[in-house]
Amino acid sequence: MRVRLHLISPPWAPPWNASPQLGALKAWIDHTFGAEVKSRTYSAALPILYRYRGNLCTTFHDEFHEAGEAIYLLMYWRKYLSAKVPVSAAEIRKFLARLNAARGQAEPVTMKIVEGLEAATTAYVADTVLPHLDAEAVNVIGLTINFNQVHAAVMIARQIRDAAPGKKLLFVFGGFLASLPNIVNLLPRLAVEGYTVFGEGERKLELIIRELLDAESFDGRLQAPPPGVFRIGDPVNLFERKEELFKTELDDLSQLPVPDYEDYYSFYESVAESDPIFARIVPLGLPLEGTRGCFAKCDFCNLNSQWSRFRKQSAADIYLKVQKLAARHPGVRYLVFVDNVCDSFAEKFADDALRSGQRLNFFMELRVHHPLRFWVKLALAGLTCAQVGIEALSPPLLHKMAKGTSVIQNVRVQKYLRELGIKSSAGLITNHPLATRADLEETRRVLRMVSHLDSFVGQRFGLSFGSPLYERLPAAEKRALDSWFFVEPPQALRPFAAAQGYAVPARYLPSVDDWNEWSLLCDEVRRAAARSAAEIPLFTVSRTSSGKRLILDRRFGERAFTLEGLAARVYDACHEGLKIEFLETALGLQRNEFESELQALVRDELILCVDSHYLSLALRPREEVIAAAGLDNHCGQKSPLIAENSLSLG
């Protein structure tokens, strides 16, 4: 039989870059089958939001993506469920009120927004997807469900099915959320037909297409689904890790061809030609992965549940793919690495970029433990935004999370990034079930001291399927877990809503008072993240010609300090966040010779002491930081991935 492949990434995928999943899958299928199988991708998040909000589409995404599942749930309910599942107008109003209170954004979610986004989604399906369905072929329609895409993907699937009753359609749902039991069990209740894919998709999609190509007829289902591909509605046990689910994983990531993002960039360029404001304010990103999985095992994280192991490519191979993609898409403003962790190749990648004389604008997710020289190299190579794995600011809590890092490293990297002009988008987890009141107070103390650094992304803890914390629960308790939602939906809609995770069993929770205090802290962190640049307090240190240190501190009012002699030397030595014994080595002095100066700086809140480590907090000039790392500020010429007014992720 003839096969046509359609790959769709709906809202709420980030609209400022192409879908990395779609790009990788299309490239693999094209590389494997050539002209035998025609493929097309639809990075639908950007065009749908653009239809609705024009050149403010990325701002709209920033404000509403957290409520994305709720918006498309209401949309789906209006169109497909309301006759059988009545919900009163009063209940809908209460739900929207709870949703808007939890978001804390200026513009509220309203039914008018739901209706407007529905119209944009319906129009996109009608004029962009439906015309490309092949009346003679089996149309394999793959939809990603990552981020908050579950109800959007289901909505689009239902619209396609309703509008093309005479065509051969096979729906395949992939992505991270398609591997979670609660989502797999939800899809039949939403009257979705097709298959879900557990974990990595390239080889599984290839095997699906091979079966269809070899078949003489098509009755709407697969005769022999590959391991890890499940028919929606069939019983499946994903609560136990089975090795057969990982049989089709690629052993060598260098086998992956360069991703194909042509449809996204074609749409972007067509809009930019007619809408110059869009071209100026909507950044254009180029996603790429260098690794799959993660070498860490943090207790709250379930990202490793869908990989058999951590796999990586060499920095040289990654850099070569970047060059090929940059040549294909010369208008791109920055490169977005979508890895869980980029540490295995980041420094060598920066070395390659610096040796070439090309400066790249790029984003990475990284661990916090690296020394200053590592961060300076990345800054010189073009790191403009980093998501560093912080999560906690209390040493006992960080240890319980199994992060393998320290609080002083967490704060030190925030300082380094701020000094180097790199935007940090680090998260801070609140309401962790193992957190104590002492953890809360220590977190508040540290946050008060670092108000001059980039704010954290406040994230309330959710128990995730497959995380180490989840896996430690007894089997019976796992199966009895209740769903946890960003905002509790109306009772009648609860069976049809996509949960973000599981509610922590009551016996693991702290007292109600402590829980509420952590929730208040999360709200405070989120408000801090909404600060304008002018609201971030100044806290800087500079050198005079005589070697004195001048400190300006506006965190707690207007304060100024002049440090000289031993006090200045101690302050300089503490920029690395050292313990006393290492300070002795750095200063060439015994503890009793400098400890009084050190403690005075701590009392003045110029130095942060955490777990017997001491960190100077005032920000140094960028040139001084680069010099302290033993590097210079020369980066060579610009590459195709840098623009005069390039934008960093935030």
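The buried residues of helix α1 are P20, L22, G23, A24, L25, K26, A27, W28, I29 and F33, and this list is a good place to enter the structure, which is a predicted model. With ten of its 14 residues buried, α1 is mostly covered. The elements that cover these buried residues include the strands β1 (3–9), β2 (38–43), β3 (138–144) and β7 (285–288), together with the helix α9 (202–214).

The length of α1 can be checked by simple reasoning: because each residue should add 1.5 Å, the 14 residues of this helix (residues 20–33) should span 20 Å, and the end C-alpha atoms are indeed 20 Å apart, which agrees. After α1 comes G34, a residue whose phi is positive, near 60°. As a general point, an α-helix has 3.6 residues a turn, so residues three or four places apart point the same way.

The aromatic rings give a second view of the model, in which the count comes to 21 aromatic pairs. Two of these pairs are set out below.

| Aromatic pair | Centre to centre | Angle between planes | Arrangement |
|---|---|---|---|
| Y50 and F278 | 5.2 Å | 75° | edge-to-face |
| F465 and Y470 | 5.2 Å | 65° | edge-to-face |

The pair of Y50 and F278 links distant parts of the chain, since Y50 belongs to helix α2 (residues 45–53) and F278 to helix α11 (residues 276–281), 228 residues apart. F278 counts as buried because its relative accessibility is 0%, and buried here means under 20%. By the same reasoning F465, at 7% relative accessibility, counts as buried, and Y470 is buried as well, with a relative accessible area of 0%. Elsewhere, ring pairs link W12, Y52, F60, F64 and Y72 into a cluster.

Aromatic rings also have charged side chains placed over them. R158 lies over the face of Y80, at 4.0 Å from the ring centre, and the charged end of R448 sits over the ring of F556, 4.0 Å from its centre.

How far the predictor trusts the model should be kept in mind when reading these details. The mean pLDDT of the protein is 92, and 97% of its residues reach 70 or more. Over residues 636–650, however, pLDDT stays under 50, and for this stretch the model has 42 contacts beyond four places in sequence.

Note on methods
Residues numbered from 1 in each chain as written. Predicted model: local features only at pLDDT ≥ 70, side-chain atom pairs only at ≥ 80, totals over all residues. Heavy atoms only, no water. Helix = DSSP H or I, 4+ residues; strand = E, 2+ residues; numbered from the N terminus. Expected span 1.5 Å × (residues − 1). Buried < 20%, exposed > 50% of the residue type's maximum accessible area, 1.4 Å probe, protein only. Contact = heavy atoms within 4.5 Å. Phe/Tyr/Trp six-rings, centres within 6.5 Å; stacked < 30°, edge-to-face > 60°. Lys NZ or Arg CZ within 6 Å of the ring centre and 35° of its normal. pLDDT = per-residue confidence, 0-100.
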